Amino acid sequence: MIKVGVLGAKGRMGSLVSETVRGARDLELVAEVDAGDSRDDLRGCDVVVDFTSPGVVMDNLRWCVRSGLNMVIGTSGFDGARLAEANDLLDNSTRQTPRAAAAQPRVLVVPNFSVGAVLMMKFAEQAARFFESAEIVELHHAGKVDAPSGTAARTAAMIAAARSAAGTGPAPDATATQLEGARGAVVDGVHVHSVRMAGLVAHQEVLLGGHGETLTIRHDSLDRASFMPGVLMAVRGITSLSPGLTVGLEGLLGLA
Ligand SMILES: NC(=O)c1ccc[n+]([C@@H]2O[C@H](COP(=O)([O-])OP(=O)(O)OC[C@H]3O[C@@H](n4cnc5c(N)ncnc54)[C@H](O)[C@@H]3O)[C@@H](O)[C@H]2O)c1
């Protein structure tokens, strides 16, 4: 049995993860921790799943790594700077904390657990070098506290890396005057537009434009249940990863 702990257990995602773990025969839910609870119950876990918020996840990460615990992180906000911080934290903790040094913890940061979304990002990465223009529109429920989404930021980074490797120049854009924010946020040179709206769950379009044609790659998460197969895959697969930081489900899906 794989012993699982959940951080953010009372939240929308955390509560669904707890329910899903309870329903899996090979998994045992040993700790459900939310804001204000002690994290001590997590100590016996084989893997801790974090669905909290960008403001608290780094403190949870530090605590878990120092405790020698493997961690699957779904919480968003992991841009390049934050990933570098997470890497440093893992390096320092495994050198300085005996428990972490002995356990060599794995930390898997997953910007999107939906298999469809991972494929959408992969397809966008493959297509990006063939088009002059690439922009992202991400659309989420009105309760989401951060923008752009982690998925959009990661897609932008993947598109930018693919374009840079292929020598694709910057996308044409004649905008000379604009209201602040009208062209969205710029992530790694890619414009990202964030929509927040009641009734939505999690959606993203990658728009690619070339000579006389456009390609739109769209993914819709219609229900949070779409994230659960990916969460289970991460929980079951984390010990197969190298110690330290891994980003994305691609490796576990055989897409890396
Ligand atoms: N990677 C993905 O596929 C994916 C999918 C959906 C949501 N998310 C992200 O997951 C995160 C959670 O989303 P949500 O919709 O469940 O949010 P939510 O607000 O419903 O839940 C967050 C929970 O974390 C708890 N919390 C706050 N501080 C805590 C702490 N220090 N320790 C333990 N628990 C704490 C809150 O009390 C709350 O219950 C967000 O960052 C969201 O963007 C990621």
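Okay, let me start with the second largest pocket, which has a volume of about 280 Å³. Keep in mind that this is a predicted model. Eighteen residues line that pocket, and F78, D79, G80, A153 and R154 are the ones nearest its centre. Two elements give two or more residues to this lining, helix 3 (80–96) and helix 6, and helix 6 gives the most, with four residues. By class, you get ten nonpolar, four polar and four charged residues in there.

Right, so where does the ligand sit? It's in the largest pocket. That one holds about 650 Å³ of space. Its lining has 29 residues, and M13, F51, S76, H141 and K144 lie nearest the centre. Helix 1 (12–22) and helix 6 (150–166) each put in at least two of the lining residues, with helix 1 supplying the largest share, three residues. The split here is ten nonpolar, 15 polar and four charged.

Now the ligand itself. There are 22 residues around it, and the closest are R12, M13, D34, S76 and F113. That shell breaks down into ten nonpolar, eight polar and four charged residues.

Which polar atoms should you look at? D34 has a polar side-chain atom 2.5 Å from an oxygen atom of the ligand. Then there are backbone contacts to ligand nitrogen: a polar backbone atom of A35 is 3.2 Å from a nitrogen atom of the ligand, and for P111 a polar backbone atom is 3.1 Å from a ligand nitrogen. As for burial, on its own the ligand has 860 Å² of accessible area, and the protein covers 79% of that.

How values were computed: Residues numbered from 1 in each chain as written. Predicted model: local features only at pLDDT ≥ 70, side-chain atom pairs only at ≥ 80, totals over all residues. Heavy atoms only, no water. Near = heavy atom within 4 Å. Polar contact = N/O pair within 3.5 Å; in protein donor to acceptor, adjacent residues only side chain to side chain. Areas by Shrake-Rupley, 256 points an atom, 1.4 Å probe, with all protein chains shown as cover. 1 Å grid on protein atoms, 1.4 Å probe; cavity = no way out; pocket = protein on both sides within 12 Å on 5 of 7 lines; lining within 4 Å. Sits in = over half its atoms within 2 Å of the grid points. Nonpolar A, V, L, I, M, F, W, Y, C, P; charged D, E, K, R; others polar. Points joined across faces, edges and corners; volume = space filled by probe spheres on them.
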